[in-house]
Amino acid sequence: MRLEPGKLFAVGLAGAVALWPSSASAFVLAEDELEETSTELGAVVRTFGFVMAGPTLDPPFNLEDASPASTTVVDIRPYFSYRTPDLKLTLHQSLISITRSHASLALSPLGRGTSPPRFLPLRWTARDDPTATLATETEWAYAAWLAGSVTISVGRQPVSLGRGRIWRPWDVVSSFSLTEVDTEYKPGVDAARFDFSPSSSTTLSVIAAAGERQRDDDFQADLAGSAFVGRFVHGFGRTELGVLVGLVRQDAVLGWSAQWDLDVFDLYAEVSATWLREESAVSPAVSERKTAVPRALLGATIAPGEHWKLVPEVYYDGFGARHPKDYLAIALSERVALGEQVVLGNLYSGAALEFEAHPLVHLTALGITNLLDPSALASLSCRYDLGKNTRLIAGGYVPLGPRPDENTVFVPKSEFGLFPYFGFVELGVVM
């Protein structure tokens, strides 16, 4: 890895910009505690700094000499919220500026994943080129009606279905990338959702999310970009069972989940099977259509001490490849571009360890291993709560694994050997 003084100065400058103090303001326009109604207007300001370095960012692996490289993101998110006992209106408008030191970073999924297919053209771009982006987009805009045990919500809203900490086989509508830095705000999908909870242990959810696969912003939603999902979860005693059925971007999906409270730890499992059709997106690792492609997760939540939490997981992805020579085709496939597929291989193990060193300081260590390469990705991050609504997060990822040979650039030897070294800083104020 070559670190030239000029590039190091540029990276340091980008980091300093990312750490420049941010501010946010919010105020309650009206509130009636007796009637449980409120109207709130505010803003969230967040800055991110990403730094990457490593031999895979240099020629011949990359078109330009891009080691080290940096990206600075400033995200200003004004929001509006109105609540009554039976109605909730939410609007979050994102004003985002992205500056990249190299054009090749525009295609990098590290740190921030791609948005899911959407229907409503609620994005306006003032500038969009490989090194700079300036845009505004409506991330959340939905209304929710509550009537007893029934909730109906319509509009652009976040949808999360998976239980896993690292992988989520059930999160078929939209998902985070494997190295997503900010998981506080999940990108919304344009959906209508029905939730029925007759008791605290039983929930039925039906979700219809409209989208277009080509992202043309022309109000042309199609089945290729839309998802229709039903989920039923019921708990009894110390066990919770769930079923998932759906038609997701023209794939038929069936899933099963379970969670067991075993006193000393919680054990959970999620399984999904996807039946491909002629209209489905191409999957390079699956040779035949009309085949059930499985995904399966087994994990646990363990509390070894008062301030510790350990989450180990094992994951199998039938859309991944068993041999590294097939990774490139998967990385360039449509499922990865849509954010539906976040790994390239078949079989993984991972663990997240969280430690509360102080009420204001939280440490997280993460390790992910591709068991068939083998290769690994290790991460350490620290969250420091500077104030009631202010926090600072810093961390990094270290890849471990064989790297491609310069004479065979397009033949990977391992998945995580393709990754650069990756560091990040986030500073945000929330009101």
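1. Strands first. β14 and β15 pair in the antiparallel sense over six bridges, and the hairpin between β14 and β15 runs through five residues. Pairing here asks for at least two bridges found by DSSP between the two strands. Helices (H or I, at least four residues) and strands (E, at least two) are DSSP runs, numbered from the N terminus. Before going on: this is a predicted model, where local features need pLDDT of at least 70, side-chain atom pairs count only at pLDDT 80 or more, and totals for chains, interfaces and linings use all residues. Residues are numbered from 1 along each chain as its sequence is written, and side-chain values use heavy atoms, with hydrogens and water left out.

2. The pairing carries on past the hairpin. β15 is joined to strand β16 (residues 347-358) by nine bridges, again running antiparallel. You can follow it through Tyr315: in β15, this residue is the bridge partner of Leu297, and Tyr315 also stands opposite Tyr348 in β16. Worth keeping in mind when you look at the side chains: in a regular strand they alternate between the two faces of the sheet.

3. What else links β14 to β15? Arg295 and Asp317 meet through their side chains in a salt bridge (3.3 Å, N to O). Arg295 sits in β14 (residues 292-302) and Asp317 in β15 (residues 308-317), so this pair ties together parts that are 22 residues apart in sequence. A salt bridge here is a side-chain nitrogen of Lys or Arg within 4 Å of a carboxyl oxygen of Asp or Glu. Both partners are on the inside by the numbers: Arg295 counts as buried at 6% relative accessibility, and Asp317 is buried at 1%. Buried means under 20% relative accessible area, exposed over 50%, and partly exposed in between (1.4 Å probe, protein chains only).

4. Two other salt bridges deserve a look. Arg335 pairs with Glu340, with the closest N and O atoms 2.5 Å apart; Arg335 is buried at 0% and Glu340 at 18%. Arg391 pairs with Glu426, the closest N and O atoms being 3.6 Å apart. Since Arg391 lies in strand β19 (residues 390-400) and Glu426 in strand β20 (residues 421-430), that pair ties together parts 35 residues apart in sequence. Arg391 is buried at 18%, and Glu426 counts as buried at 2%.

5. The full count is 21 salt bridges. If you want to see a cluster, try the network of salt bridges that links Arg118, Arg123, Glu137, Glu139, Arg156 and Asp190.

6. Now the empty space. How many cavities of 30 Å³ or more does the structure hold? There are three. On a 1 Å grid over the protein atoms alone, a cavity is a set of points where a 1.4 Å probe fits but cannot get out, and a pocket is an open set with protein on both sides within 12 Å along at least five of seven lines; lining residues have an atom within 4 Å of a point. Grid points are joined across faces, edges and corners, and a volume is the space filled by probe spheres set on the points.

7. The largest cavity holds about 50 Å³ of space. Two residues from the salt bridges above turn up in its lining, Arg295 and Glu340, along with Val172, Val248, Asp251, Val253 and Thr274. By class, that lining has three nonpolar, one polar and three charged residues. The classes are: Ala, Val, Leu, Ile, Met, Phe, Trp, Tyr, Cys and Pro nonpolar; Asp, Glu, Lys and Arg charged; the others, Gly among them, polar.

8. The second largest pocket has about 1100 Å³ of space. Its lining has 48 residues, with Arg165, Arg168, Glu180, Val181 and Thr183 nearest the centre. The elements giving two or more residues to that lining are β15, β16, β17 (361-370), β18 (375-385) and β19; β18 gives the most, with four. The lining divides into 19 nonpolar, 13 polar and 16 charged residues.

9. A residue to click on: Thr364, in strand β17. Thr364 counts as buried at 19% relative accessibility. Beyond its neighbours within four places in sequence, Thr364 is in contact (heavy atoms within 4.5 Å) with Arg165, Leu353, Glu354, Ser379, Leu380 and Ser381.

10. Overall, the chain comes to three helices and 20 strands, and 44% of its 431 residues count as buried.
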